[in-house]
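Colleague: I'm new to this one. Could you walk me through how to read its side-chain contacts?

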Amino acid sequence: MAKSSLKNPVIILLLIITIACSTKLCKAIESPQYRVVHSESDFEIRHYRESVWMAAPAYEISFHKATRDGFHRLFQFIQGANLNFSRIYMTKPVLTSIVPGEGPLHSSAYFVKFYLPDKFQADPPLPLPELNLQPDRWTSRCIAVRKFSGFARDSNIVKEAEKLARSLSRSPWANSTAATSEYAYSIAQYNSPFRIIGRVNEVWVDVAGTGASDCETNPIAAY
């Protein structure tokens, strides 16, 4: 690893987390709660409960650069750059949502999101204004999910999203993509960048419905 990388506090923290977790010193990392309501060989439908995330808008042309920029600001926030001076445990996944046509030269824009631990769900710490972060309060929702391995890169995320779209087109959820969602899709990353083997990523896309029964029964009834 280049010496310049070791001077980056984000890289140092992620390296410490990776070593600690690999030696079983890492406490359980919180994630948003959900229930799988339908499962196929190449995708599943989940019902996620209400939750609060902290979001970093990033107007970059590159998914990789946007995620790096957004996470750097979120890292400062969880390390105490908030009006409460609260230090916040890392959670997973880091979620990058793609907004088509809102970025430079009509390219995609991005929102990089950090799930707030249960301790801060009811009363999120206020980020320092210069970080340009904003709370993202989710209502309960239904999400179609496709898993993929390796690193999430500009070269493969669109292909993975297209695979999910094709799977949904052949399923009872063919016409159920949520029209009210402002995002085309999101990429969820669960691992430190230092983990090489066994990486887990997901493509998320909202589908119609807000309750678990809606996720499971509405599309099938209309099929």
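Modeller: Sure, we'll take aromatic rings and then salt bridges. This is a predicted model, where local features need pLDDT of at least 70, side-chain atom pairs count only at pLDDT 80 or more, and totals for chains, interfaces and linings use all residues. Residues are numbered from 1 along each chain as its sequence is written, and side-chain values use heavy atoms, with hydrogens and water left out.

Colleague: How many aromatic pairs are there?

Modeller: A ring pair is described by the distance of the centres and the angle of the planes. Rings of Phe, Tyr and Trp (its six-membered ring) pair if their centres lie within 6.5 Å; planes under 30 degrees apart are stacked, over 60 edge-to-face, the rest tilted. That gives 7 aromatic pairs. Trp-138 and Trp-204 have centres 6.3 Å apart and planes at 70°, so they are edge-to-face. Both Trp-138 and Trp-204 belong to one aromatic cluster with Tyr-34, Tyr-48, Trp-53 and Tyr-115.

Colleague: And how many salt bridges does the structure hold?

Modeller: Side chains of opposite charge can pair when their charged atoms come close. The rule is a side-chain nitrogen of Lys or Arg within 4 Å of a carboxyl oxygen of Asp or Glu. The structure holds 8 salt bridges. In one of them, the closest N and O atoms of Asp-69 and Arg-73 are 2.8 Å apart.

Colleague: Which residues are linked in a network of salt bridges?

Modeller: Glu-44, Arg-46, Lys-147 and Glu-202 are. Within it, Glu-202 bridges to Lys-147, with the closest N and O atoms 2.7 Å apart.
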